[in-house]
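Morning, everyone. I have one structure to walk you through today. Please pull it up and follow along.

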Amino acid sequence: MQQEEIKELFKKNRALLTGHFKLSSGLHSDTYFQAALILQHPKEAEILAEKLAKKIKENNIEVDVVISPAMGGVIIGHEMGRALGTRAIFTERIDRKVSLRRGFSVNESERILIVEDVITTGLSTKEVIDTVKSIGARVVAVVSLVDRSAGKVDFGIPKFSLLNLEVKSYKEEECPMCKEGNTAVKPGSRK
Ligand SMILES: [Zn+2]
């Protein structure tokens, strides 16, 4: 499936919106992405995971365990586990530290796939990778539904995304859409 088709699928589910938005960070942007709005449909989540799994298989990457960061990665991570026939577990952030809880564990022989909904700066993904490495397991690849860095983030291991988006965001006083006299809306608010 091409990028444009993926984009249309996200748009159809209102997970990807274009317009003039005021994000929760306060920044203005012409694009809004909320993976949860497509992942709320189990059938769509399954289809997206199968597409990501195909990239892993095509590249002959062997995976024993899928690990995703809560909350955003949990649903797509679980579906990836289904698509690849592996366990799917998740990390949580407690007191700012990323860790495996709930009795989840991995051993040194297991090959780990990190699954994200969105990669923005890559910093939180890097923390998950470091946590897994500190346990002694091997991270073989990273996948995400959307890469908002437009492919710029590099973890030194294979990385695959269904959609590369270069999202521009602006401070309100520098926003070109505001300068044209348009009013920013909060994503999710209905007119
Ligand atoms: Zn604006």
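Let me start with a term. A nonpolar core is a set of buried Ala, Val, Leu, Ile, Met, Phe, Trp, Tyr and Cys residues, joined through side-chain atoms within 4.5 Å. Keep in mind that this is a predicted model.

Now, the largest such core here. It has 34 residues. Which of them touch the most other members? They are Phe10, Leu48, Ile56, Met80, Leu113 and Leu145. Several elements give two or more residues to this core. The helices are H1 (3–12), H2 (36–39), H3 (42–58) and H4 (74–84). The strands are S6 (111–119), S7 (138–147) and S8 (159–164). Helix H3 gives the most, with six residues.

Take Ile56 as an example. Leave aside its neighbours within four places in sequence. Then Ile56 is in contact with Ile61, Val63, Leu84, Leu113, Ala141, Val143 and Phe160. Another core lies apart from this one. That one has 17 residues, including Val98, Ala137, Val139 and Phe155.

Stay with helix H3 for a moment. Glu44 sits in that helix. Is Glu44 buried or exposed? Buried counts as under 20% relative accessible area. Glu44 has 14%, so it is buried. Which residues does Glu44 touch, beyond those up to four places away in sequence? Leu9, Lys12, Asn13 and Ile38. For a sense of scale, look at Glu44 and Ser134. They are 90 residues apart in sequence, and their C-alpha atoms are 34 Å apart in space.

Next, the sheet. Three strands form an open sheet, in the order S1-S2-S9, with antiparallel pairing. The edge strands are S1 (16–22) and S9 (169–170), and each pairs on one side only. Strand S2 covers residues 28–33, and it pairs with S9 over two bridges. In one of these pairings, Ser29 has Ser169 in S9 as its bridge partner.

On to the metal. Which residues coordinate the zinc ion? Four of them: His20 through NE2, His28 through ND1, and Cys175 and Cys178, each through SG. The distances run from 2.0 to 2.4 Å. The angles among the four donor atoms are 95 to 121°, and the site is tetrahedral. For comparison, the ideal angle for four tetrahedral donors is 109.5 degrees. Along the chain, the donors follow the spacing H-x7-H-x146-C-x2-C. So look at how far the site reaches along the chain: His28 is in strand S2 and Cys178 is in helix H6 (residues 176–179), 150 residues apart. How accessible are those two? His28 has a relative accessible area of 2%, so it is buried. Cys178 has 25%, so it counts as partly exposed.

Last topic: aromatic pairs. How many does a search of the whole structure find? Three. I will show two. Phe10 and Phe33 form an edge-to-face pair, 5.1 Å centre to centre, with 65° between the planes. Phe10 is in helix H1 and Phe33 is in strand S2, 23 residues apart. Both Phe10 and Phe33 are buried. The other pair is Phe21 and Tyr32. This one is tilted, at 6.1 Å centre to centre and 50° between the planes. Phe21 is in strand S1 and Tyr32 is in strand S2, eleven residues apart. Phe21 and Tyr32 are buried as well.

That's my tour. Thanks for listening.

Methods
Residues are numbered from 1 along each chain as its sequence is written. This is a predicted model: local features need pLDDT of at least 70, side-chain atom pairs count only at pLDDT 80 or more; totals for chains, interfaces and linings use all residues. Side-chain values use heavy atoms; hydrogens and water are left out. Two strands pair if DSSP finds at least two bridges between them. Helices (H or I, at least four residues) and strands (E, at least two) are DSSP runs, numbered from the N terminus. Buried means under 20% relative accessible area, exposed over 50%, partly exposed in between (1.4 Å probe, protein chains only). Contact means heavy atoms within 4.5 Å. Donors are N, O and S atoms within 2.8 Å of the metal (3.2 Å for Na, K and Ca); water is not among the atoms, so sites may look incomplete. Four donors count as tetrahedral if all angles lie between 85 and 135 degrees; four count as square planar and six as octahedral if opposite donors are over 155 degrees apart and all others between 65 and 115; anything else is irregular. Rings of Phe, Tyr and Trp (its six-membered ring) pair if their centres lie within 6.5 Å; planes under 30 degrees apart count as stacked, over 60 as edge-to-face and the rest as tilted.
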